[in-house]
Amino acid sequence: MKTLNKIGVIGAGSMAEAIVSGLIKGKLMAPDQIIISNRSNSERLFELQTAYGVKVTHDKKEVIEQSSIILLAMKPKDVEAGINSIKDYVTNQLIISVLAGVSIATISQIFEKDLPVVRAMPNTSASIGKSATAIAANDKVTADNLQACKTLFEAIGSCTVVKEAQLDAVTGLSGSGPAYLYYFVESLEKAAEEVGLEGQIARELILQTIAGAAEMLTTSGKHASVLRKEVTSPNGTTEAGLTMLKDKNFEEAVISCVKRATERSEELKEMFAKTVINTTK
């Protein structure tokens, strides 16, 4: 596997930790190849240093000068302040952003430099090496840059290259997707309780059912609709349950969920772009 040089992480939230954890667990990077900084939360930096052995500092100049790759992982609302705190030190490093709804154009405008920028949308399953990540790049990103980025995200799951225009949809689908599944599991647990199953027993059955279904989808080569029909006997229990889901507009609810999350990503992108335009006039 191609190795990466040092990476500087700006931001110390859950996504930053998920990626750092995945890189270290996947042995793509050693702890001393990762340096993390945030705005002011020293306690949080200490937590990450203790958990993973990485370097931490509030000195942004130190982060940038020691890194060939800069990972922007602050909260999207802090993107302008975060980039302004490092842009004077950035030269030709590869910039990777995992900020939902913040476009490459907006990032470049804040930096006020023509830099290689990759926008990525992983999800928090990165912490266990199971993220579904999509990436898009600007025309300053070389083939080597793109391969380094793919190598990074393949260490924490799968990585797919898409057009930037598709990233809002990716955000609505797989970026937010784990939360949808967790909510579904919560609903199954409540249902299990109502039909008389104990909590721990229900949880074990639910998780294995989901794991088994995911494995079937992955290995069988069959479409989900085919697998569904194979386990749905006429007038049987599965059909009875599925009928209730259809009556409650389950499919429409899921589609609306993904569409609304996608729209929200588009709204955030426009909002951040307008904010940057207004503050740079």
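1. Let's start with Lys-113, which sits in the loop that runs between α5 (104–111) and β6 (117–121). Keep in mind throughout that this is a predicted model. Lys-113 has a relative accessibility of 28%, so it counts as partly exposed, given that the partly exposed class lies between 20% and 50%.

2. What does Lys-113 touch, once residues up to four places away in sequence are set aside? The list is Lys-87, Asp-88, Val-90 and Ser-108. Ala-30 is another matter: going C-alpha to C-alpha, Lys-113 and Ala-30 are 30 Å apart in space, with their positions 83 residues apart in sequence.

3. On to a helix pair, α1 (residues 14–25) and α2 (residues 42–52). Their axes come within 11 Å and cross at roughly 15 degrees. That angle makes α1 roughly parallel to α2, because anything under 35 degrees is put in that class. As for handedness, the crossing of α1 past α2 is right-handed.

4. Which residues make up this contact between α1 and α2? From α1 come Ser-14, Glu-17, Val-20, Ser-21 and Ile-24, and they meet Arg-44, Leu-48 and Tyr-52 of α2. Sorted by character, the residues of the contact are four nonpolar, two polar and two charged.

5. Next, the aromatics. The count of aromatic pairs comes to one. The partners are Phe-184 and Phe-250, with 6.4 Å from centre to centre and 50 degrees between the planes, which is a tilted arrangement. If you look at the cut-offs, ring centres have to lie within 6.5 Å to pair, and tilted covers what is neither under 30 nor over 60 degrees.

6. Where do the two rings of that pair sit in the chain? Phe-184 belongs to helix α8 (residues 177–194) and Phe-250 to helix α12 (residues 250–280), so the pair links distant parts of the chain, 66 residues apart. Buried or exposed? Phe-184 counts as partly exposed because its relative accessibility is 38%. Phe-250 also has a relative accessible area of 38%, and is therefore partly exposed.

7. Finally, the whole protein. It has twelve helices and eight strands, and along the principal axes its C-alpha atoms fill a box of roughly 70 × 40 × 35 Å. Of the 281 residues, 40% are buried. Taking contacts between residues at least 6 apart in sequence, 64% of them join residues at least 24 apart.

Methods: Residues numbered from 1 in each chain as written. Predicted model: local features only at pLDDT ≥ 70, side-chain atom pairs only at ≥ 80, totals over all residues. Heavy atoms only, no water. Helix = DSSP H or I, 4+ residues; strand = E, 2+ residues; numbered from the N terminus. Buried < 20%, exposed > 50% of the residue type's maximum accessible area, 1.4 Å probe, protein only. Contact = heavy atoms within 4.5 Å. Axes fitted to C-alpha atoms, helices over the stretch in contact; angles between N-to-C directions. Parallel < 35°, antiparallel > 145°, perpendicular 65-115°, else oblique. Left-handed = near helix turned anticlockwise from the far one by under 90°. Nonpolar A, V, L, I, M, F, W, Y, C, P; charged D, E, K, R; others polar. Phe/Tyr/Trp six-rings, centres within 6.5 Å; stacked < 30°, edge-to-face > 60°.
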